[in-house]
Amino acid sequence: LLVGCAQIEPTDGVTRPEIKEGESWTYAVVTVNVRESPQKRREFSVTRKVEKVTDTEIWVREGSAAYGAREVQIKFDKQWNRIEGPSRDDGSVVRFDPHLPTFAFPLAPNQSWTRNFIAVKVDSQEFGQHGQSQGKVLGWEEVSVPAGHFKALRIETLTPYHTDQRKRNVFVAPKLRGGAQEQYWYVPELKNFVKRTRRDYVAGEQTGSSEMELIGYRLEDRK
């Protein structure tokens, strides 16, 4: 695994990365369930390795204690937006159409976007769940993680959701009862984020949080 410091000068826009098979990123992860008393805290590592790149998708094999020490497959589009992967709740496979919005390349400070999507459990007969996510590039920042010190673009996303007895996890903005707020620190030279934080809310109260920090990586053009 490589570690160190990457340098990059701020530009007007950052284009999407050219991902190659065999590249990988390893993160230290901390999750907290604030609903439990005492709060349940878990610490583990996760490695995401690219196993296939097509004209439209990036296939990643992820190994993590979060899935019972087994590997799972996650599919992204060419902009690192998730298309298919395991559910956070029960591990069932969920597919997003056209994707779960996270990035909108080229990235530049003060850029913002709003994207709609549909989430469907692959092995379920339930109708798709409609969602909407908002994102914004907050600007360039210096960030330190175990893998080194980097200049990164800080990106924030907000995905609201709503649940009741008639509809399960249906995302709606007009009557926001909860949501997921995420922040990413994306480093162009590493082709990925080096830090991610997530906060989950229900009825205005925080229910959980997670943080990922890069501890190592392997890039085909940085051997």
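Leaving aside neighbours within four places in sequence, E182 is in contact with I155, E156, T157, R196, T197 and R198, and this residue makes a convenient point of entry into what is a predicted model. E182 is placed in strand β10, and because its relative accessibility is 10%, it counts as buried, the cut-off for that class being under 20%. Two polar contacts involve its side chain: one of 3.2 Å joins E182 to the side chain of Y184, and another, of 3.5 Å, joins E182 to the side chain of R196.

Before following these partners further, it helps to set out the overall architecture. The protein has zero helices and twelve strands, so that a reader going from the N terminus meets the elements as β-β-β-β-β-β-β-β-β-β-β-β. Of the 223 residues in the protein, 46% are buried, while the exposed surface comes to about 12000 Å², with carbon and sulfur atoms supplying 46% of that area. Among contacts with a separation of 6 or more, 48% are between residues 24 or more positions apart.

The confidence of the prediction should be kept in mind along the way. The mean pLDDT of the protein is 84, and 81% of its residues reach 70 or more. Two stretches call for caution: over residues 1-11 pLDDT stays under 50, and the model has 30 contacts beyond four places in sequence for them; over residues 163-176 pLDDT likewise stays under 50, with 28 such contacts beyond four places in sequence.

Returning to Y184, the partner of E182 in the 3.2 Å polar contact, we come to the aromatic residues. The structure holds nine aromatic pairs. In one of them, the rings of Y184 and F193 have their centres 5.4 Å apart and their planes at 75 degrees, and because planes over 60 degrees apart count as edge-to-face, this pair is assigned to that class. Both partners are withdrawn from solvent by the accessibility criterion: Y184 counts as buried because its relative accessibility is 7%, and F193 counts as buried because its value is 4%. Y184 and F193 also belong to a wider arrangement, since ring pairs link Y27, F103, F105, Y184, Y186 and F193 into a cluster.

Elsewhere among the aromatic residues, F76 and W80 form an edge-to-face pair, at 5.0 Å centre to centre and with 85 degrees between the planes, and both F76 and W80 are buried. Tryptophan rings also take part in arrangements with lysine: the charged end of K75 sits over the ring of W59, 4.1 Å from its centre, and K195 lies over the face of W185, at 5.0 Å from the ring centre.

The loop between β10 (178-187) and β11 (192-202) is the next stop, and L190 has its place there. Which is it, buried or exposed, at 1% relative accessibility? L190 counts as buried, because that value falls under the 20% limit. Not counting residues up to four places away in sequence, L190 touches W25, F150, L214, Y217, L219 and R222. Of these, W25 is 165 residues from L190 in sequence, yet the two are 9.0 Å apart in space, C-alpha to C-alpha. K191 lies in the loop between β10 and β11 as well, and its phi is near 65 degrees, a positive value in a residue other than glycine. K191 is buried, because its relative accessible area is 7%.

A second loop, between β6 and β7 (112-121), offers a residue to set beside K191. N110 lies in this loop and has a positive phi of about 75 degrees although it is not a glycine. Here the backbone feature is found in an exposed residue, because the relative accessible area of N110 is 59% and the cut-off for exposed is over 50%.

The part of the chain around β6 also contains cis peptide bonds. One joins D97 and P98, with omega about 0 degrees, and P98 is found in strand β6 itself, which covers residues 93-100. Another runs from F105 to P106, with omega near -5 degrees, and P106 lies in the loop between β6 and β7. F105 brings the path back to the aromatic residues, for it is one of the members of the ring cluster that includes Y184 and F193.

Definitions and conventions: Residues numbered from 1 in each chain as written. Predicted model: local features only at pLDDT ≥ 70, side-chain atom pairs only at ≥ 80, totals over all residues. Heavy atoms only, no water. Phe/Tyr/Trp six-rings, centres within 6.5 Å; stacked < 30°, edge-to-face > 60°. Buried < 20%, exposed > 50% of the residue type's maximum accessible area, 1.4 Å probe, protein only. Lys NZ or Arg CZ within 6 Å of the ring centre and 35° of its normal. pLDDT = per-residue confidence, 0-100. Contact = heavy atoms within 4.5 Å. Helix = DSSP H or I, 4+ residues; strand = E, 2+ residues; numbered from the N terminus. Polar contact = N/O pair within 3.5 Å; in protein donor to acceptor, adjacent residues only side chain to side chain. Areas by Shrake-Rupley, 256 points an atom, 1.4 Å probe, with all protein chains shown as cover.
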